[in-house]
Amino acid sequence: MSDKKKLISLVLFVIITFTTVSRDSQTVPLDGDEAQYWDIAFALLVDNEYRGSDLLDTSYSEKIDKGFRRGEPIFPFLISNIMRMSLNSEKVERIMNNCVDLVSCEHIRTTALQVSILFGFIRVYLFHFIYKLVLKNFSHIITFLISLSITFLLPYEHKDLLTILLISLSIKFYKENHYLFALFTGLIPLTNASFLYILFPVLLISVFSWIKKQNRVNLVYILILLLGPSSLWMARNYSTVGMYSISGRGPEVLAIRAEYSTINYDQVASGFIYYLPSEPFFLELIRGKFWPVVSNTGSEQVYDRSNLEGAYKKAKKLNGVVGLKYRNQLNESSPQDYKEKEAVLRSVSIETLKDNPGEHLALSFLFGFRGMFPDIDRAFIDYVEKEFNFASGSYFLSQFISLIRMVLIPAAILHSIYGVRRLRENYSGLLLIFIWLFFSGLTHFIPRYSTYLVIPALSYLLRTDK
C-alpha cells in the first residue's frame with residue numbers, strides 16, 4: 001500500500017511537471033542571465049569555442065570576456081549538446097542570418113522543448129528526493145502537499161536548478177558513497193562559482209572526520225574528484241584570459257554589495273519591511289501597516305532593482321559612489337584590458353566596504369533576512385489559473401506554499417545556530433550555514449540565491465545525513 005501511494009504521488013507530480021514543461025517551452029531561454037549562457041552554448045555549437053556567439057556585433061576579445069564573465073561551463077555545454085541533436089546545419093544558418101539573439105528566435109523552439117523536458121525530469125527527481133525525506137516524518141497526503149510546496153520554492157531558472165540537483169546529489173551520497181559525493185560536490189562550482197568559496201570550509205570541517213579513515217590511494221581519488229573539475233577549468237581560464245578563476249563576475253557582485261553599503265542606517269532598518277514577504281496574507285497586513293516607514297526613508301527607491309536611482313542600478317551602470325571611485329581610479333592607472341579593469345573595480349569596491357563597516361555589517365543581517373524567503377514559482381500558479389480556470393484553488397495553494405516558505409529556512413538556520421557545536425557531523429547543516437553566510441555577507445542575496453538553501457534546510461531539519 002505504501003509503494004502504491006508513493007507511485008500515485010509521483011504520477012500526480014509528473015502530470016503537474018509536464019504542465020510546467022508546456023509553459024517552459026514557450027519562454028526558454030529566459031531573457032537576462034540565462035540567455036547569455038545560451039548564447040555561449042551556440043558559440044560552442046558553431047565554433048567549438050567558449051565565448052559569446054557571432055550573433056553579437058562585438059569584437060572577438062569582448063566575446064571571450066563574456067565567456068569568462070559567464071564562466072560556469074556545465075550548463076552551456078549541456079545546452080550546446082542538446083542543440084547538436086535539435087539543430088541541423090540549415091537551422092543554424094537560419095539562426096545566423098535571421099536572429100539577433102536566441103531569446104526571440106523561433107528556430108530554437110525544438111531545442112527549448114527538449115531542454116524543458118530534460119529539466120522536467122530533473123524536477124521529478126527532486127520531488128522524489130524531497131518526498132523520501134519528508135515521508136519519514138509525515139503521512140503520504142501531508143508529505144505530498146509539503147513536497148509539492150517545497151518543489152515550487154526551487155528555482156524556475158534552469159541553470160540554478162542544475163546547481164540544486166548537484167547539491168541534492170552531494171547530500172544524498174555524503175554517507176552512501178564517498179566517490180560519488182566527491183564527484184557531484186566537485187562539479188557544483190562549475191554551475192555556480194560562488195560554491196568554490198562556500199564549499200571549502202564545509203569540506204574542511206565535515207569531510208575531515210572520514211577522510212582520516214581512508215587509505216592513501218582512496219584519498220587521492222577523492223581529492224581528484226573534489227578539486228579536479230574546478231582546477232582544470234580555472235587553468236583553462238588562466239591560459240585564455242590570464243585569470244585563475246571560474247568566472248569573472250565576482251568584482252561586479254562585490255561592487256553591487258559595496259554600493260548598498262553607502263545607504264544610511266534608517267534605510268537598512270526599513271529594508272526589513274521592504275523585504276518581508278507579502279504572503280501569507282497576514283504578512284501583507286504587517287507590511288501595509290509599516291510601509292510608510294519604507295516610503296519616508298526613501299527605501300522604495302534604494303531597494304528597487306529596476307529604479308535607475310536604486311543601489312543595484314547605480315552599481316550595474318557604475319554611476320554611483322562605487323562608479324565615481326572606479327572612474328577616478330581608471331584615470332589614474334589607465335588599465336589596458338578586462339583583467340586590469342576588473343582588478344580596479346574589485347579594489348574600489350573593497351575600499352568602499354572598508355569605508356562603511358557598520359552599514360556593511362547591518363546589511364549582512366538585512367540580506368540574511370531577505371535570503372530566508374525564496375521566490376515561489378508564481379508563473380506556474382498563474383499558468384494553472386489561466387489555463388484551467390483554477391483561481392480559488394491557486395490562491396489556497398499559494399498561501400500554503402508561502403506558509404511552508406515562511407518556516408522552512410528560518411527554522412533550519414535558527415536550529416543550526418543553536419546546535420552549531422553538533423554540526424561537525426552534519427554536512428547539510430554546514431552547507432546551509434555557509435551558503436547563508438556567504439550570500440548574506442558578500443552579495444545582496446536575491447531570492448534566486450535563496451533557493452540554494454531549500455534542500456540543505458530540509459535535509460538538516462530532518463537529519464538525513466547525520
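**Exposed helix residues, buried cores and a small set of unusual backbone angles**

Asn-331 is found in helix α18. The model described here is predicted. Asn-331 is exposed, with a relative accessible area of 63%. In sequence, Asn-331 and Arg-370 are 39 residues apart. In space, their C-alpha atoms are 37 Å apart.

A second exposed residue is Asn-296, with a relative accessible area of 68%. Asn-296 lies in helix α15. Its partner in the next comparison is Thr-110, 186 residues away in sequence. The C-alpha atoms of Asn-296 and Thr-110 are 50 Å apart.

The interior comes next. The largest nonpolar core has 106 residues. Those with the most contacts inside this core are Trp-38, Met-83, Ile-95, Tyr-260 and Tyr-303. Helix α6, residues 109–135, gives the core its largest share, 12 residues. Apart from the largest core lies another, of 10 residues. Val-322, Tyr-326, Leu-345 and Leu-353 are among the members of this other core.

Tyr-260 illustrates the contacts made by one residue of the largest core. Residues up to four places away in sequence are not counted here. On that basis, Tyr-260 touches three other tyrosines, Tyr-275, Tyr-303 and Tyr-312. Tyr-260 also touches Val-302, Ala-311 and Leu-363. Phe-367 and His-444 complete the list of its contacts.

Val-134 offers a view of helix α6, where it is placed. Val-134 is buried, with a relative accessible area of 1%. Its contacts, again without residues up to four places away in sequence, include Thr-143, Ile-146 and Ser-147. Val-134 also touches Leu-458 and Leu-462. Another pairing links distant parts of the sequence: Val-134 and Leu-461 are 327 residues apart along the chain. Their C-alpha atoms are separated by 10.0 Å.

Leu-458 also belongs to the buried residues of helix α25. Helix α25 spans residues 454–461 and is mostly covered. Seven of its eight residues are buried. Besides Leu-458, the buried residues of α25 are Val-454, Ile-455, Pro-456, Ala-457, Ser-459 and Tyr-460. Just after α25, Arg-463 takes a positive phi of about 55°.

Helix α8 covers residues 158–176. Of its 19 residues, 16 are buried, so α8 is largely enclosed by the rest of the structure. Its length was compared with the expected value. At 1.5 Å a residue, the 19 residues should span 27 Å. The end C-alpha atoms of α8 are 27 Å apart, which agrees.

Internal space was examined as well. The count comes to one cavity of 30 Å³ or more. The largest cavity has a volume of about 60 Å³. Its lining is made of Phe-13, Ile-16, Thr-17, Thr-20, Arg-123, Thr-151, Phe-152 and Asp-377. Helix α1, residues 2–27, supplies the largest share of this lining, four residues. By class, the lining has three nonpolar, three polar and two charged residues.

Several loops carry notable backbone geometry. The peptide bond from Glu-279 to Pro-280 is cis, with omega near 5°. Pro-280 lies in the loop between α14 (265–274) and α15 (281–296). Asn-296, described above, also lies in α15.

Leu-318 is found in the loop between α17 (311–317) and α18 (321–333). Phi of Leu-318 is near 55°, a positive value in a residue other than glycine. The relative accessible area of Leu-318 is 19%. Buried residues are those under 20%, so Leu-318 counts as buried.

Phe-445 also has a positive phi, of about 45°, although it is not a glycine. Phe-445 lies in the loop between α23 (427–442) and α24 (447–450). Phe-445 is buried, with a relative accessible area of 0%.

Conventions:
Residues numbered from 1 in each chain as written. Predicted model: local features only at pLDDT ≥ 70, side-chain atom pairs only at ≥ 80, totals over all residues. Heavy atoms only, no water. Core = buried A, V, L, I, M, F, W, Y, C linked by side-chain atoms within 4.5 Å. Buried < 20%, exposed > 50% of the residue type's maximum accessible area, 1.4 Å probe, protein only. Helix = DSSP H or I, 4+ residues; strand = E, 2+ residues; numbered from the N terminus. Contact = heavy atoms within 4.5 Å. Expected span 1.5 Å × (residues − 1). 1 Å grid on protein atoms, 1.4 Å probe; cavity = no way out; pocket = protein on both sides within 12 Å on 5 of 7 lines; lining within 4 Å. Points joined across faces, edges and corners; volume = space filled by probe spheres on them. Nonpolar A, V, L, I, M, F, W, Y, C, P; charged D, E, K, R; others polar.
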